[in-house]
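Trainee: Could we go through this model together, one question at a time, so that I learn how to reason from a structure to an answer?

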Amino acid sequence: MAENETPEAAAPEAPQIKMNILAQYIRDMSFENILAQKGIQGEVNPDVQVQVNLDAKKRTAEHQFEVITKVNITSKVKDTDQQLFLLELEYAGVFHIEGVPEDQMHPFLLIECPRMTFPFVRRIVSDVTRDGGFPPLNLENIDFVSLYRNEIARRQADAAAQAQPN
């Protein structure tokens, strides 16, 4: 240590973040096999659209949060736009989180928590589509940072649009 350095001059230690998943569960799920209901015949070239939304809520217990990943998947025939199937899934995780500064809690909840539960969401989607009579749909990885940034930008644009006089 140099002569003029004191132990107090060392960088302050970052708070230790603790995160535990207390529970995970399907809040709501619906799968409709429209192909089987309508009896579409012939070779089918599917177009699959996946929408993901996130929601987080503080629970009554201290340091506990519920984070919900909402997935809406539609599959249509490319040429005709006839729907093949519809899958709606709300998957929740209950998290115990300590050590995250208050100003960083919102992004932490909507980025880190869904990252932890996403492998389970992927598995459910794969199993349900397979059990529903289709090839298993394996979701691509989701960039939750980009998803978060896009949602913040959309909210700011909406707020700016509402603030402007007509």
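Trainee: Is Glu66 buried or exposed?
Mentor: Keep in mind from the start that this is a predicted model. Glu66 has its place in strand β3, and apart from residues up to four places away in sequence, it touches Tyr25, Arg27, Asp55, Ala56, Lys57, Arg59, Ala92, Gly93 and Val94. Its relative accessibility is 9%, and since buried means under 20%, Glu66 counts as buried.

Trainee: Which elements make up the protein chain, and in what order do they run from the N terminus on?
Mentor: The secondary structure comes to three helices and four strands. Reading from the N terminus on, the order of these elements is β-α-β-β-β-α-α.

Trainee: What relative accessibility does Phe95 have?
Mentor: Phe95 lies in strand β4, and once its neighbours within four places in sequence are left aside, its contacts include Met19, Ile21, Leu22, Phe65, Val67, Cys113 and Met116. Ala23 is 72 residues away from Phe95 along the chain, yet the C-alpha atoms of the two are separated by 7.3 Å. Phe95 counts as buried, and its relative accessibility is 0%.

Trainee: His63 is among the contacts of Phe95, so is His63 buried, partly exposed or exposed?
Mentor: His63 is found in the loop between β2 (46–58) and β3 (64–77), and its phi is near 70 degrees, a positive value in a residue other than glycine. The range for partly exposed runs between the 20% limit for buried and the 50% limit for exposed. With a relative accessibility of 30%, His63 therefore counts as partly exposed.

Trainee: How far apart in space are Asp81 and Asp47, C-alpha to C-alpha?
Mentor: Asp81 lies in the loop between β3 and β4 (83–98), where it is exposed, with a relative accessible area of 53%. Along the sequence Asp81 and Asp47 are 34 residues apart, whereas in space, C-alpha to C-alpha, the separation is 8.5 Å.

Trainee: Are helices α2 and α3 parallel, antiparallel, perpendicular or oblique to each other?
Mentor: Two packed helices are described by the angle between their axes and the distance between the axes. Here the axes of α2 (residues 102–131) and α3 (residues 144–163) come within 9 Å and cross at roughly 140 degrees. Angles over 145 degrees count as roughly antiparallel and those from 65 to 115 as roughly perpendicular, so the crossing angle makes α2 to α3 oblique.

Trainee: Which residues make the contact between α2 and α3, and how many of them are nonpolar?
Mentor: On the side of α2 the contact is made by His106, Pro107, Leu110, Ile111, Pro114, Arg115 and Phe118, and on the side of α3 by Phe144, Val145, Tyr148, Ile152 and Arg155. Sorted by class, this contact has one polar residue, two charged residues and, as the number you asked for, nonpolar residues numbering nine.

Trainee: What relative accessibility does Phe144 have?
Mentor: Phe144 lies in helix α3, and beyond its neighbours within four places in sequence, it is in contact with Leu54, Leu110, Ile111, Pro114, Arg115 and Phe118. Between Phe144 and Pro107, which are 37 residues apart in sequence, the C-alpha to C-alpha separation is 9.6 Å. Phe144 counts as buried, with a relative accessibility of 2%.

Methods:
Residues numbered from 1 in each chain as written. Predicted model: local features only at pLDDT ≥ 70, side-chain atom pairs only at ≥ 80, totals over all residues. Heavy atoms only, no water. Axes fitted to C-alpha atoms, helices over the stretch in contact; angles between N-to-C directions. Helix = DSSP H or I, 4+ residues; strand = E, 2+ residues; numbered from the N terminus. Parallel < 35°, antiparallel > 145°, perpendicular 65-115°, else oblique. Contact = heavy atoms within 4.5 Å. Nonpolar A, V, L, I, M, F, W, Y, C, P; charged D, E, K, R; others polar. Buried < 20%, exposed > 50% of the residue type's maximum accessible area, 1.4 Å probe, protein only.
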